[in-house]
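Here are my comments on the model you sent. They go from two loop residues to the chain as a whole and then to its main pocket.

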Amino acid sequence: MGNKEQVFFVHDTAVIDKGCLIGEGTKIWHFSHIMPNCEIGRNCNIGQNVVISPEVKLGSNVKVQNNVSIYTGVICEDDVFLGPSMVFTNVINPRSAVNRKGQYAKTMIKKGASIGANATILCGNQIGEYALVGAGSVVTKDVPKYALIVGNPGKQIGWVSEYGHRLNFDDSGMAKCPESNQRYHLENGIVHRTS
């Protein structure tokens with residue numbers, strides 16, 4: 001379980017296998033299963049009925065809502081949000097009769113990204129920093145940082161701030177988040193926060 005003194009919360013119905021490292025302040029709720037050799041950072045919240053497969057890595061302050069499956073090959077950086085019943089895959093061409101455990105593709109979810117309810121992330125892709133994948137979307141390719149993705153297949157329809165608000169860029173490529181007043185610059189299809 002990581003430490004001799006338990007500094008995280010595990011509900012009585014949750015199962016944590018051997019070799020897991022779980023950070024201080026993390027909460028693991030009803031009927032969730034953390035499989036061997038996972039790394040879960042500090043202050044994470046693992047909702048009800050979540051499965052985290054072997055060797056998955058979650059950063060700190062990751063929020064995993066109910067009924068999410070996180071398969072081997074997935075890495076989530078700090079401050080990632082995984083919405084209810086969203087799904088990852090880890091093999092491009094799965095077959096029941098063909099063992100492809102050695103072919104798991106890496107999927108990276110970068111700092112601050114959010115994935116909406118019932119979205120599906122096909123393996124081998126990267127979701128950029130602070131990107132927002134809308135509910136029910138199917139991601140089939142890499143997502144740029146700050147991108148807003150919707151639909152099946154997922155298409156980019158705009159940009160969002162670190163607070164999750166739609167950014168409206170002026171003619172000079174500047175935008176401001178209405179909640180935080182942070183400023184952003186869009187140049188050559190790439191968004192950078194300037195303040």
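**Notes on the predicted model**

1. Leaving out residues up to four places away in sequence, His-11 touches Ile-28, Trp-29 and His-30. The model is a predicted one, and these contacts should be read as such. His-11 itself sits in a loop, with β1 (9-10) on one side and β2 (15-16) on the other.

2. His-11 also serves as a reference point for distance. Between its C-alpha atom and that of Thr-194 there are 42 Å, and the two residues are 183 residues apart along the chain.

3. Gly-23 is another loop residue, placed between β3 (21-22) and β4 (27-28). Once neighbours within four places in sequence are set aside, Gly-23 has contacts with Phe-8, Ile-40, Gly-41 and Arg-42.

4. Is Gly-23 buried or exposed? Its relative accessible area is 13%, and the cut-off for buried is under 20%, so Gly-23 counts as buried. A C-alpha to C-alpha distance of 35 Å separates Gly-23 from Pro-153, which is 130 residues apart from it along the chain.

5. On secondary structure, the protein chain has 25 strands and zero helices. β1 (9-10) and β2 (15-16), which flank the loop of His-11, are among them.

6. How does the radius of gyration fit the chain length? For 195 residues, a compact globule would be expected to have a value near 16 Å, and the protein chain has 18 Å, so the two agree. Along the principal axes, the C-alpha atoms fill a box of roughly 55 × 45 × 20 Å.

7. Of the 195 residues in the protein chain, 42% are buried. Taking contacts in the protein chain with a separation of 6 or more, 15% are between residues 24 or more positions apart.

8. The exposed area of the protein chain comes to about 10,100 Å², and 48% of that area is supplied by carbon and sulfur atoms.

9. The largest pocket has a volume of about 160 Å³. Its lining consists of Thr-89, Asn-90, Val-91, Pro-94, Arg-95, Val-98, Asn-99, Arg-100, Lys-101 and Tyr-104.

10. Which classes of residue make up that lining? Four of the lining residues are nonpolar, three are polar and three are charged. Arg-95, Arg-100 and Lys-101 are in the lining, and Arg and Lys count as charged.

Methods:
Residues are numbered from 1 along each chain as its sequence is written. This is a predicted model: local features need pLDDT of at least 70, side-chain atom pairs count only at pLDDT 80 or more; totals for chains, interfaces and linings use all residues. Side-chain values use heavy atoms; hydrogens and water are left out. On a 1 Å grid over the protein atoms alone, a cavity is a set of points where a 1.4 Å probe fits but cannot get out, and a pocket is an open set with protein on both sides within 12 Å along at least five of seven lines; lining residues have an atom within 4 Å of a point. Grid points are joined across faces, edges and corners, and a volume is the space filled by probe spheres set on the points. Helices (H or I, at least four residues) and strands (E, at least two) are DSSP runs, numbered from the N terminus. The radius of gyration is taken over C-alpha atoms; the globule rule is 2.2 Å times the number of residues to the power 0.38. Buried means under 20% relative accessible area, exposed over 50%, partly exposed in between (1.4 Å probe, protein chains only). Contact means heavy atoms within 4.5 Å. Accessible areas come from the Shrake-Rupley method with a 1.4 Å probe; for residues, only the protein chains shown count as cover.
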